[in-house]
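Reader: I would be grateful for a close look at a single part of this structure, followed outward to whatever it touches. Please keep the account connected rather than itemised.

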Amino acid sequence: MQLAQRRPLEEAVYFGFALCSLYRIDPTALGGLRQRDEHLPSNSKCVIADNPLTTVKRIENFLDTAKGNLGCKKARSALKFVRDGSRSPMESALAITLGLPRIRGGFGLGVGQMNHAVRIFNGTDWAGERRYVTRYPDISIAHTDSSGRKNTVGIDYDGHAFHSTASALARDARRRNEIAPIRGFTHLSINAQEATDFIAFCRFADQARRALGIRSLDRCPRNNPTVADLEKRDAIERKQLDLWRKLICQSDFRRIE
C-alpha cells in the first residue's frame with residue numbers, strides 16, 4: 001500500500017510480483033538469484049531456504065482491513081495485475097509488459113499464471129500404462145477467442161545463466177518437444193538478446209497474440225488514417241517503449257531491487 005502510494009502503477013505491480021515471488025536476491029548464487037523453495041545443504045542436512053514473503057490473497061485481505069487509508073485504492077488497482085509464483089525478476093517483467101493494457105504501456109495479452117503446472121501425456125510404458133510428465137512454463141496466458149475456442153500460450157525465458165550449457169540446451173529442446181503436441185497450447189521461448197531488442201520483442205509479443213487468437217490491437221485505420229489516429233497510435237507505442245525500457249532492460253528502476 002505504501003509502495004502504491006509513492007510509485008506509478010506499473011512499478012507497484014512489479015514490486016507486488018517481487019513480494020509474492022519464489023525467488024530472492026543472492027549475489028553469491030548463480031545468476032544472482034536463489035529460489036525460496038530450493039533445498040540447501042546445512043550441516044550435512046537439506047533444509048528449505050524460506051517461503052514467499054506474502055501472497056496476492058494475503059495482500060488482498062490486508063487491503064480489506066485498510067479501506068480509506070492513503071494508497072489503498074491504488075494498491076487494489078495494482079494488485080489486479082499481480083500474480084504469485086514468479087521465479088525471477090525477468091519473468092515478472094515479461095509477464096507485466098506483455099499483460100498490462102496498452103493504455104498502461106503493456107501489450108494487452110492479459111497477465112497469466114506464473115509457473116503453473118501443465119500435465120503432459122508422454123506415451124505408454126512397457127505394460128501399456130499411460131505416462132505423464134509435468135512441466136512449468138514461466139508464464140501461461142489463456143484466452144478464449146471469438147469462436148469459443150480456448151487457446152493457451154506458455155512462455156519460457158531462457159536466460160544466459162541457466163540456459164547456455166549443452167545439457168541445458170538439450171533439456172530445453174526436450175521440454176519444447178514434450179509440450180508441442182498439446183492441442184490448443186503453444187509454447188514460445190524468448191532469450192535475453194531478443195527480450196532486450198525492442199523490435200524483436202514486439203515481434204515476439206505479436207506471435208503470442210496470434211497464438212492466443214486475440215484480434216490485432218492496432219486500432220489505427222490502415223486506409224487514410226487521420227492525424228488523430230496516428231497520434232494515438234504513436235502515444236501507445238511510446239508508452240510501450242517506456243515500459244519496456246523500465247522493466248525489461250536493466251534500468252535504474254530495476255537496479256532498485
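Author: In this predicted model, glutamate 11 is buried, because its relative accessible area is 7%, below the limit of 20%. The residue belongs to helix α2, which spans residues 9–19. Of the 11 residues in this helix, 10 are buried, so α2 is largely enclosed by the rest of the structure. The buried set comprises Leu9, Glu10, Glu11, Ala12, Val13, Tyr14, Phe15, Gly16, Phe17 and Ala18. Charged residues such as Glu10 and Glu11 thus stand in that list beside Leu9, Val13 and Phe15.

What partners does the carboxylate of glutamate 11 find? One is arginine 7, with which glutamate 11 forms a salt bridge whose closest N and O atoms are 3.1 Å apart. Arginine 7 has a relative accessible area of 25% and is therefore partly exposed, whereas glutamate 11 is buried. Another partner is lysine 246, whose side chain meets that of glutamate 11 in a salt bridge of 2.9 Å, N to O. This pair links distant parts of the chain, since glutamate 11 lies in helix α2 and lysine 246 in helix α10 (residues 227–247), 235 residues apart. The two contacts belong to a network of salt bridges that links Arg7, Glu10, Glu11 and Lys246. Side chains of opposite charge can pair when their charged atoms come close.

Lysine 246 also leads to another helix. Its C-alpha atom is separated by 9.0 Å from that of alanine 93, although the two residues are 153 positions apart along the chain. Alanine 93 is placed in helix α5, residues 89–99. With a relative accessible area of 0%, alanine 93 is buried.

The network around glutamate 11 may be set against the wider inventory of charge pairs. The whole structure holds 10 salt bridges. Among the salt bridges is that of arginine 34 with aspartate 26, in which the closest N and O atoms are 2.9 Å apart. Arginine 34 is buried, because its relative accessible area is 17%. Aspartate 26 is buried as well, since its value is 11%. For the pair of glutamate 11 and arginine 7, by contrast, the arginine is partly exposed.

Charge also appears on the surface without such pairing. Lys74, Lys80, Arg104 and Lys239 gather there in a patch of positive charge. Lysine 74, one of these residues, lies in helix α4, which covers residues 72–79. Its relative accessibility of 31% makes it partly exposed, because the buried class ends at 20% and the exposed class begins over 50%.

Beyond helix α5, the chain enters the loop between α5 and β5, where phenylalanine 107 is found. Phenylalanine 107 counts as buried, because its relative accessibility is 10%. Arginine 209 is 102 residues away from phenylalanine 107 in sequence, yet the C-alpha atoms of the two are 8.8 Å apart in space.

That loop leads to strand β5, which takes part in an open sheet. The sheet has four strands in the order β5-β8-β9-β10, with mixed pairing. Its edge strands are β5 and β10 (185–191), each of which pairs on one side only. Strand β5 (residues 113–114) is joined to strand β8 (residues 139–144) by two bridges, and these strands run antiparallel. Within this pairing, glutamine 113 stands opposite serine 140 in β8.

Strand β8 pairs in turn with strand β9 (residues 150–158), in the antiparallel sense and over six bridges. Here histidine 143 faces asparagine 151 of β9 as its opposite residue. The hairpin of β8 and β9 has five residues between the strands, and in it glycine 148 takes a positive phi near 90°. On the other pairing of β9, seven bridges join it to β10, and these two strands run parallel. Aspartate 158 stands opposite asparagine 191 in β10.

A further backbone feature follows strand β5. Asparagine 115 lies in the loop between β5 and β6 (118–124). Its phi is near 50°, a positive value in a residue other than glycine. Most residues other than glycine have a negative phi. Asparagine 115 is buried, because its relative accessible area is 15%.

To return to the starting point, glutamate 11 is a buried residue within a largely enclosed helix, and its salt bridge with lysine 246 ties helix α2 to helix α10.

Methods. Residues are numbered from 1 along each chain as its sequence is written. This is a predicted model: local features need pLDDT of at least 70, side-chain atom pairs count only at pLDDT 80 or more; totals for chains, interfaces and linings use all residues. Side-chain values use heavy atoms; hydrogens and water are left out. Patches are made of residues with over 30% relative accessible area and no salt bridge: like charges are joined within 9 Å, nonpolar side chains (Val, Leu, Ile, Met, Phe, Trp, Tyr) within 5 Å. Accessible areas come from the Shrake-Rupley method with a 1.4 Å probe; for residues, only the protein chains shown count as cover. A salt bridge is a side-chain nitrogen of Lys or Arg within 4 Å of a carboxyl oxygen of Asp or Glu. Lys and Arg count as positive and Asp and Glu as negative; His and the chain ends are not counted. The place of a charge is taken as NZ of Lys, CZ of Arg, CG of Asp or CD of Glu. Buried means under 20% relative accessible area, exposed over 50%, partly exposed in between (1.4 Å probe, protein chains only). Two strands pair if DSSP finds at least two bridges between them.
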